[in-house]
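Colleague: Please pick a single part of this model and go through it closely. I would like to know how it sits among its surroundings, and then how the rest of the chain compares as background.

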Amino acid sequence: MNSCPASADSARPHPAGFAVRLGTPTGGTGELSELIRTALGGDPERLGIWYERLPFASTSARAGGIVRQQLAHPLVGRTRARVTCTEYSDAVTDVVVLADSDFRPLLTDLVRRGAHPIPGLTPARAARMAIREIDLGPGHRAEEIAAAVVLVLTRFLDTPAIRVDLAAFDALLESPAYRARLNSQAGTAACDVELRGSIKDLVSRLDALTPDSTPADGSDSGLRSVRIIDFRTVPGAFLPGPAAPHDFDIAIHPTTDPHAARILLSAGDADAMEFVDDIADVLARVCAQINAAGLDLPISDIHFSPAVPAVAPIGEPISGPGERLEQRIAAHAAARPAAVAVRDESGAVSFGELDARSERIAAGLLELGVRPGDFVVIAAATSARTFATMMAIWKCGAAYVPVDIEFPVDRLRYIIEDSGARVAVVEAELLAGLPDSVRAVDISTLTARQSTATALPKALPGQGAAYAIYTSGTTGRPKGTVIAHRSALALFDALTTEFALSAEDVWSAFHSPAFDFSVWEIWGALVTGGTVAVVPKSLARDPQRFHALLRQHGVTVLSQTPPAFAHLVSADAAAAALDTVRLVVLGGDALQATSSSAWLDRYPASRCRLVNMYGITETTVHVTVQSVSKHTALCAPRSVGRAIAGWDTAVLGPDLRPAPVGFPGEIFVAGSGLALYYTGNPALTARKFVAGPDGRRWYRSGDLGRVRADGTLEHLGRIDHQIKINGYRIELDEIRNSIARQPGVRDAIVVCNRAGGRFGTARLDAYVVGAGVDLSELRGAVERVLPVYMRPASYTTVDAIPLTTNGKVDLGRLPDPNTGPLSIARTAEPAAESAGAQSILGRVWSSILGVEPHDDDNFFLSGGNSLAAIHLSTELSGNGVTMPLSLLYQRPVFKDLRTALEETA
């Protein structure tokens, strides 16, 4: 009997079926034909029967493959049932049945003949299926097993609710409508998990689930789902359904022990496939606890893991507790005074000269009243003189507080007041806006002074503060994180051997001193005796020029956030290779698979090591190291590796118990890098830096992560409302509170969206409640407080912030930010398309930002940022239009930029 190949319009979703193995030959189709027709009934012409003998044993891998292929092939055309018998050379026969009708009589007869089920051979599931036997005591119901399943999967998926389909298999055969429902993407109602309830409460909620309980509005459609089917009434059966109808499928099968059940767990969720065995282990552990304690067991008392999953460090720390950063650099100055320490736009500065400058500047700072334990604010362009000033602050026994010169003056004033700084070293143009409480000095004046020799403080402690970097805070104000000298030295010492750092290295200083990545770039180079190559901001925003600088200075150690690195990789593809770069350190944002993979194509590990590092300002820049290979980039881009020497990480659940392997939880960090405190905020310090069960001090990161099966850490994002854009940590509540405190604003919310266009750049959109609020004035007031990277791209007025039934913001009901009133005037129609360069500008603008440009549209207020600006310049160049990035920053409005391009065309 032959069959026709399946086609898209003739194939149907998989019906119910089973696969069993007989220890004796079936005797061919003649012996089975009558049995099959009698058992399955219906029109004989609509039954398909296949029989074949194969020249290999049933134990071979090929035999398993044959069965999987038979299970995978759907019924086609008018066929209502198919039976395939495969006899192997060892006289064993596999029987596979698919049927739209009740096949239980046929299964019963085959079991009577000695057949037994073949578990785990559902199509494409062998690698993502786990089988466990569980003990639940006498008379256990499927709902009790389902309660354990829901508990485990909600914890694994980090969600309070999950969509559940629960049914006994024999009931499915009696209900064609419900069976059809299971073969669709629909599901039953969500089952939520409350820590204050018991297992009995959860079972009651599962008892209440019905096929018709899905909300009509589809409000649970976004939930992850599990299908649980009790096959104990029909041993050996299965219901494969469509390719991926649920995130998880659970099959409950009988065992010889009436107090036990065999659970087959398979995952359709891509992120869960590698953790199937771990999930199954936790499920068995939870079932054992329910069996031992009974259904009155409180959910909050469930233990999901027997031990703390920690990421093993990569080595041992070697720095001593009393050392300081400036002492290490001074030692290099004494041993190698002529060696180049810094290269900036002014030229090369040797270690000897850098140290001598810092001595003179320190004398000037002492005259201004700087004393040990002080904080000194510094707002200056990145340069050798800035580094010398920071070293001078250390030699006075004080700590520096960096502020980006592009920050609004109100933010600079706040940082001065919050840190209690009595002295501020700034660029000349910032002097006028500073408060009277601080002694402000122009950095040019300070560094030019030839101060007389002054006795500097002696025996300064290594545990003293080295710097305080301000990051976004939930209260609406930035918070200052204070890091000790010994913590920074521990970081450099721990990684010197790992990265083979030496005095031969040239490091790029790409990032602002106000961003903690700069600590690694500047002081990592100088502490190890290397050279810092300063990257001016104008070059940092231009990948081609930045690439040329790397070649010019022979940079060997390159540090980048992944978004910035993606642009450098693009520029590198069109330029000569970077012969000297041997180490690329990525951090501050999620790894981007495409750019990392492209880099590795040109720079294999034997030529240049690529590493991904997870880190936090409060833990001294870096915490873990992950070497990036092609496999890591493409298959595990969220893996951040193992803790560096002297640092430890653990992943804890919401109940602060250890999360099992593969299960998400909050990342906690301990060890040498922990910050001393937050400036002026002991309450926040106490909440974030807590005592652990091992007696050590741990930092609650607020980051979501999990431990992988190989013991490495995987970073999954933020637990709270903090986000990262281009490596900057941003608290959405800080932006919201900055808006909400403005006159006339009753409420506000800020949402991080992905702008349209091919690049999907992150953008911040603000929604404001308040009658008669002038959005232009509001934008101006907010921009006087917030730095550029925290400013919303759009402001939209709404009558009220929409809420869900749980009282949370309903993001799905917020209007499109492009439809609300804009804070800038714009023409009613898109800009008229012109010929030549102007036409190209319109097309590229639209492609990058995903919106048609209007004459009065501002690039940076329409979803664009510094990285999108690079995209615009690159795309225009590819279309024959030259646009210096500086021109876009000078003329970001579409019509002005168009005019400028016309003038230069």
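**Helix 9 and its surroundings**

Modeller: I will take helix 9, starting from its outer side: Ala334 and Ala335 are exposed and lie on the face of helix 9 turned away from its buried side. Keep in mind throughout that this is a predicted model. Helix 9 covers residues 325-335, and its buried residues are Leu325, Glu326, Arg328, Ile329, His332 and Ala333. Viewed down the axis of helix 9, these buried residues fall within an arc of 160°, so they line one face of the helix. The list is not made up of hydrophobic names alone, since Glu326, Arg328 and His332 are on it.

What does the buried side pack against? The partners of the buried residues of helix 9 are helix 10 (351-367), helix 11 (384-395), helix 14 (485-498), helix 15 (517-527) and strand 20 (465-471).

Two other places help to set helix 9 in context. One is a loop position, alanine 272, between strand 12 (260-267) and helix 8 (276-293). Alanine 272 is buried, and its relative accessible area is 0%. Setting aside neighbours within four places in sequence, Phe156, Phe248, Ala267 and Ile279 are in contact with alanine 272. Glycine 662 is 390 residues away from alanine 272 in sequence, yet the C-alpha to C-alpha separation is 8.1 Å.

The other place is strand 30, residues 665-671. Of its 7 residues, 6 are buried, so strand 30 is largely enclosed by the rest of the structure. Strand 30 pairs with strand 29 (residues 647-652) in the antiparallel sense, over 6 bridges. In that pairing, tryptophan 647 stands opposite glycine 671 of strand 30. Strand 30 also runs antiparallel to strand 33 (residues 697-707), joined to it by 5 bridges. There, phenylalanine 668 stands opposite arginine 700 of strand 33.

As for the chain as a whole, it has 27 helices and 39 strands. Of its 905 residues, 57% are buried. Among contacts between residues at least 6 apart in sequence, 69% join residues at least 24 apart. The accessible surface of the protein chain is about 35,600 Å², and carbon and sulfur atoms account for 52% of it.

Key. Residues are numbered from 1 along each chain as its sequence is written. This is a predicted model: local features need pLDDT of at least 70, side-chain atom pairs count only at pLDDT 80 or more; totals for chains, interfaces and linings use all residues. Side-chain values use heavy atoms; hydrogens and water are left out. Helices (H or I, at least four residues) and strands (E, at least two) are DSSP runs, numbered from the N terminus. Buried means under 20% relative accessible area, exposed over 50%, partly exposed in between (1.4 Å probe, protein chains only). Contact means heavy atoms within 4.5 Å. Accessible areas come from the Shrake-Rupley method with a 1.4 Å probe; for residues, only the protein chains shown count as cover. Two strands pair if DSSP finds at least two bridges between them. The arc is that of the directions from the helix axis to the C-beta atoms.
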